[in-house]
Protein chains: 2
Amino acid sequence: MTAPLHEAHPDGPGRPSHEARPAGPGRALPDTQQGMRRRNLARVMHAVSAEGPLSRAAVASHIGLTRAAVSTLVDELIRSGLLEELGPERPGRVGRPGSALAVSGHGPAGIGAEVGVDHLAVCAVDLRGQVRAKAVRHGANRGRSPGPVVEELTELVRQVVGEAEREGLWPAGLAVAVPGLVARDARTVVRAPNLDWHDTDLGALLPTDFPLTVDNEANFGALAELWLGKDAPLDFLHVSAEIGIGAAVVVAGGLLRGTRGFAGELGHVPVRPDGPECACGGRGCLEQYAGEEAVLRAAGLEPGEDRVGLLADRAAEGDEDVRRALHDAGTALGIALTGAVNLLDPESVVLGGALAGLAPWLLPSLEAELDRRTAGPACPVSVSRLGSEGPLLGAAHSVVRAVLDDPAAVAGRA
Amino acid sequence: MTAPLHEAHPDGPGRPSHEARPAGPGRALPDTQQGMRRRNLARVMHAVSAEGPLSRAAVASHIGLTRAAVSTLVDELIRSGLLEELGPERPGRVGRPGSALAVSGHGPAGIGAEVGVDHLAVCAVDLRGQVRAKAVRHGANRGRSPGPVVEELTELVRQVVGEAEREGLWPAGLAVAVPGLVARDARTVVRAPNLDWHDTDLGALLPTDFPLTVDNEANFGALAELWLGKDAPLDFLHVSAEIGIGAAVVVAGGLLRGTRGFAGELGHVPVRPDGPECACGGRGCLEQYAGEEAVLRAAGLEPGEDRVGLLADRAAEGDEDVRRALHDAGTALGIALTGAVNLLDPESVVLGGALAGLAPWLLPSLEAELDRRTAGPACPVSVSRLGSEGPLLGAAHSVVRAVLDDPAAVAGRA
DNA sequence: ACTATTTCGTCATGGCGGTTTACAAATTAG
DNA sequence: CTAATTTGTAAACCGCCATGACGAAATAGT
């Protein structure tokens with residue numbers, strides 16, 4: 001049915017240079033003509049995906065190749081089912097109208113999954129970025145052992161994949177967002193305190209026919225922000241919270257993972273070095289002031305279900321205790337973020353996850369603190385539009401991006 | 001004399017992907033056959049430079065091309081004067097011995113310069129990494145206006161370039177290290193408190209025939225560590241101090257610069273949020289505890305010439321006040337670094353610049369603090385072998401690396 | 001209406017670059 | 001002294017993009 005493009009390839013290691021450059025489409029391919037071809041296929045996909053329906057000529061001028069070269073690339077991509085010809089454009093411009101090309105809505109799909117503290121969610125996103133299938137199951141997962149939870153998740157995945165297939169899509173990969181630290185192998189959950197999981201190899205538990213990736217929910221949330229936010233910056237800090245406080249560092253349009261994959265542990269940045277002891281061994285970590293548990297205690301509330309919603313409701317009602325607790329949490333966040341901003345000089349800071357819903361009461365003190373402690377203009381703080389949807393969407397989109405980044409790798413699997 | 005390889009090229013913008021990949025040789029070249037050729041020339045240079053004298057066959061297996069292809073690449077590089085044929089290898093292995101290739105010692109040279117608070121230095125480094133010429137001038141530059149200082153520097157550059165040319169080298173570029181914040185244009189010194197320079201365009205003041213780059217001394221120090229340190233990690237934090245406290249963040253073998261180029265401002269990370277006021281507007285910044293001025297005051301010493309040497313001498317003599325001051329500075333550094341390490345998860349932290357000389361008295365409290373506040377194994381802290389030579393060497397080597405990264409760009413200029 | 005102009009997509013040709021294949025040269029093993 | 005191994009190079013080949021020319025399909029001008 002679909003024509004194969006090229007065989008799979010080994011990634012060549014890049015050698016260091018003195019400038020961190022943005023990660024580009026398929027930049028790790030071998031420098032041979034085949035690699036060049038694959039990179040150019042990727043560039044065509046990126047251009048069409050980013051700039052909407054485009055004619056071959058428009059693609060050519062976007063990526064700097066000739067119309068003839070683009071023609072052959074597009075042919076190959078259409079034969080592989082990754083691109084679709086929409087038909088002639090209806091232009092007011094002089095000259096023969098081009099034939100509009102769009103990313104296929106019937107080709108590969110990215111399957112995203114999220115393991116939350118009290119829910120599971122799975123969705124399928126097509127190459128166009130549309131959510132085509134979705135399934136959610138509520139129920140507390142805290143303390144449940146990984147086995148049953150993953151089994152339930154697999155069932156949801158099956159459901160969503162089935163639905164997607166009925167729409168003419170086929171799964172190109174599965175990406176799972178978890179609330180915890182994930183090793184660089186992108187399979188092992190090293191520590192997820194909220195679930196009480198430790199060193200759990202999800203790769204072994206989730207036997208799928210397609211590639212699997214596991215990552216921190218804050219990371220996926222940041223990627224969603226990067227890809228789905230309109231004119232999102234290429235360097236920013238995405239702060240997210242769900243009991244623990246995680247951050248994702250985006251540099252030049254790519255995630256900063258750290259040596260072990262643990263980068264972004266904002267929750268254990270010291271805020272008051274002589275403050276209360278923390279489970280991590282330190283004192284006065286940010287989590288002691290802005291973590292969910294700490295905020296609830298300061299507000300005089302008990303732990304329980306959907307505590308974030310409760311906090312937001314109470315604050316909206318004008319509860320002084322809650323407001324003060326959130327104000328103080330904002331201050332602590334501001335202090336920690338001052339350090340982070342000084343270190344990274346990001347273009348902006350984005351509040352996502354649970355923090356997005358509480359932003360109205362956190363932001364004033366947070367921004368005041370950041371502003372007060374910064375010499376020049378303070379780093380702008382914004383709130384994620386995606387909110388709690390971020391990690392799930394980011395996960396699914398990460399699979400889609402992988403296809404766009406190397407269409408040839410996926411074209412043979414249709 | 002030397003054969004031109006290709007014309008200069010415009011840099012194509014890379015599109016974002018979801019993984020920060022290491023910056024590689026010539027990775028921003030256009031995806032056309034010419035670009036491929038240039039990247040492969042770069043890969044040959046890198047291989048020969050990194051792995052010592054290599055035969056064509058060895059290069060081929062290193063970079064994954066065929067011997068035939070490498071032969072033509074090497075021919076071109078030899079004609080351009082960037083590579084040299086050393087003659088037949090003398091091996092114990094069976095088979096015809098290869099002909100050893102080495103990076104040329106008579107081609108382009110990188111000129112590095114350093115503007116210190118009380119000295120100026122310039123050196124020339126050949127492609128092999130050898131320092132071939134050097135000139136230093138002592139004398140306080142603090143408070144002098146940029147004009148005369150740069151004039152003096154230009155004179156030193158002229159001297160060093162002359163000496164290098166007498167050795168058969170030609171300058172491929174000039175890189176200047178300054179103790180302050182440099183804008184992303186790599187020309188303008190935005191703020192250098194120790195020199196009292198503000199918004200100074202060194203590009204206008206330093207008219208040279210070859211490309212000019214200006215950067216923070218901490219950044220160049222980090223690059224020196226990255227390139228010259230034996231098996232240096234690809235992700236680390238390089239902390240340096242000369243009155244202010246700067247850090248350079250190295251991610252995947254490349255510098256993290258930040259949106260405005262101000263990344264690494266470790267000195268203004270809050271250590272004690274209610275501490276003494278700082279010039280930056282904040283309170284309890286690291287500089288208030290570990291900055292040179294603060295340490296001198298805590299030690300009961302007056303500011304003056306070579307205060308770092310004085311501190312080291314007194315500490316070595318056993319001066320209790322000085323030791324306590326350094327101990328406390330180490331603690332503050334440890335607190336700030338805990339935050340940075342949590343955020344970035346680097347492979348190690350390297351103490352460079354003035355801190356290297358004081359390390360024996362800073363390290364114990366610094367490491368204790370870092371260890372105490374970290375859950376798992378603490379991030380290892382090491383001391384730069386390069387010490388105060390780092391920035392100057394890093395600057396010169398940055399020019400050399402630029403040549404290795406795109407030999408074709410430089411080959412026509414011989 | 002009819003022609004000139006502009007732009008799009010495609011085809012044939014050519015140049016460039018790495019691969020494949022073959023071979024001579026230089027060394028070691030037996 | 002021969003067989004085996006490895007190196008470097010040359011010739012033929014293939015893949016990929018550029019160039020230039022062409023028909024097709026729209027607008028602009030008369």
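This is a short dialogue about reading a predicted model with chains A and B.

Trainee: Let's start with a helix. Which residues of helix α2 in chain A are buried?

Mentor: Keep in mind as we go that this model is predicted. In α2 of chain A, which runs over residues 56–63, the buried residues are Arg56(A), Val59(A), Ala60(A) and Ile63(A).

Trainee: Why do they lie on the same side of α2(A)?

Mentor: Here is the general idea. An α-helix has 3.6 residues a turn, so residues three or four places apart point the same way. In this case, the four cover an arc of only 100° around the axis, which puts them on the same side of α2(A).

Trainee: What covers the buried residues of α2(A)?

Mentor: The cover includes two helices of chain A, α1 (33–51) and α3 (67–79), as well as the strands β1 (83–88) and β2 (99–103). Look also just past the end of the helix: Gly64(A) has a positive phi there, about 80°.

Trainee: Now the two chains together. How much area do chain B and chain A bury between them?

Mentor: The size of an interface is often given as the accessible area lost when the parts come together. For chain B and chain A that comes to about 6,800 Å², with 51% of it on carbon and sulfur atoms. Counting residues instead, 75 of chain B are in contact with 74 of chain A.

Trainee: How many polar contacts and salt bridges cross the interface?

Mentor: The rule finds 28 residue pairs in polar contact across the interface of chain B and chain A, with both residues at pLDDT 80 or more. Which elements of chain B take part? Those giving two or more residues to the side that touches chain A are α1 (33–50), α6 (217–228), β12 (244–251), β13 (254–256), α10 (320–344) and α12 (390–405). The most come from α10(B), with seven residues. By class, this side of chain B has 31 nonpolar, 23 polar and 21 charged residues.

As for salt bridges, six are found across the interface. To see a pair between the chains, look at Arg272(A) and Asp274(B), which form a salt bridge with their closest N and O atoms 3.2 Å apart. You can also find a network of salt bridges that links Asp31(A), Arg39(A), Arg39(B) and Arg43(B).

Trainee: Could we follow one residue? Which residues is Asn342(A) in contact with, leaving aside its neighbours within four places in sequence?

Mentor: With those neighbours left out, Asn342(A) touches Phe262(B), Ala263(B), Gly264(B), Glu265(B), His268(B) and Val269(B). Asn342(A) itself sits in helix α10 of chain A, residues 320–344. Its relative accessible area is 17%, and the cut-off for buried is under 20%, so Asn342(A) counts as buried.

Trainee: What about salt bridges within a chain? Where do Glu155(A) and Arg158(A) lie?

Mentor: Both are in helix α4 of chain A (residues 146–166), three residues apart, about one turn of the helix. Their salt bridge has its closest N and O atoms 3.6 Å apart. Glu155(A) is partly exposed at 34% relative accessible area, whereas Arg158(A) counts as exposed at 55%.

Trainee: And which parts does the pair Arg37(B) and Glu76(B) tie together?

Mentor: These two side chains meet in a salt bridge, at 2.7 Å from N to O. Arg37(B) belongs to helix α1 of chain B and Glu76(B) to helix α3 (residues 67–79) of chain B, so the pair ties together parts 39 residues apart in sequence. Arg37(B) is partly exposed, with 26% relative accessible area, while Glu76(B) counts as buried at 11%. Over all chains, the count by this rule is 44 salt bridges.

Trainee: One last residue: is Ile243(A) buried or exposed?

Mentor: Ile243(A) counts as buried, at 17% relative accessibility. You will find Ile243(A) in the loop between β11 (236–242) and β12 (244–251) of chain A. Leaving aside neighbours within four places in sequence, its contacts are Arg142(A), Asn194(A), Glu287(A), Gly291(A) and Glu292(A). To compare sequence and space, take Ala294(A): Ile243(A) and Ala294(A) are 51 residues apart along the chain, and their C-alpha atoms are separated by 9.2 Å. For another pair, try Pro148(B) and Ala232(B), which are 84 residues apart along the chain with their C-alpha atoms separated by 38 Å.

Note on methods:
Residues are numbered from 1 along each chain as its sequence is written. Chains are lettered from A and ligands numbered from 1 in the order in which they are written. This is a predicted model: local features need pLDDT of at least 70, side-chain atom pairs count only at pLDDT 80 or more; totals for chains, interfaces and linings use all residues. Side-chain values use heavy atoms; hydrogens and water are left out. Buried means under 20% relative accessible area, exposed over 50%, partly exposed in between (1.4 Å probe, protein chains only). The arc is that of the directions from the helix axis to the C-beta atoms. Contact means heavy atoms within 4.5 Å. Buried area is the accessible area (1.4 Å probe) that two parts lose on being put together, summed over both. A salt bridge is a side-chain nitrogen of Lys or Arg within 4 Å of a carboxyl oxygen of Asp or Glu. A polar contact is a pair of N or O atoms within 3.5 Å; within protein, one must be able to donate a hydrogen and the other to accept it, and residues adjacent in sequence count only if both atoms are side-chain atoms. Ala, Val, Leu, Ile, Met, Phe, Trp, Tyr, Cys and Pro count as nonpolar, Asp, Glu, Lys and Arg as charged, and the others, Gly among them, as polar.
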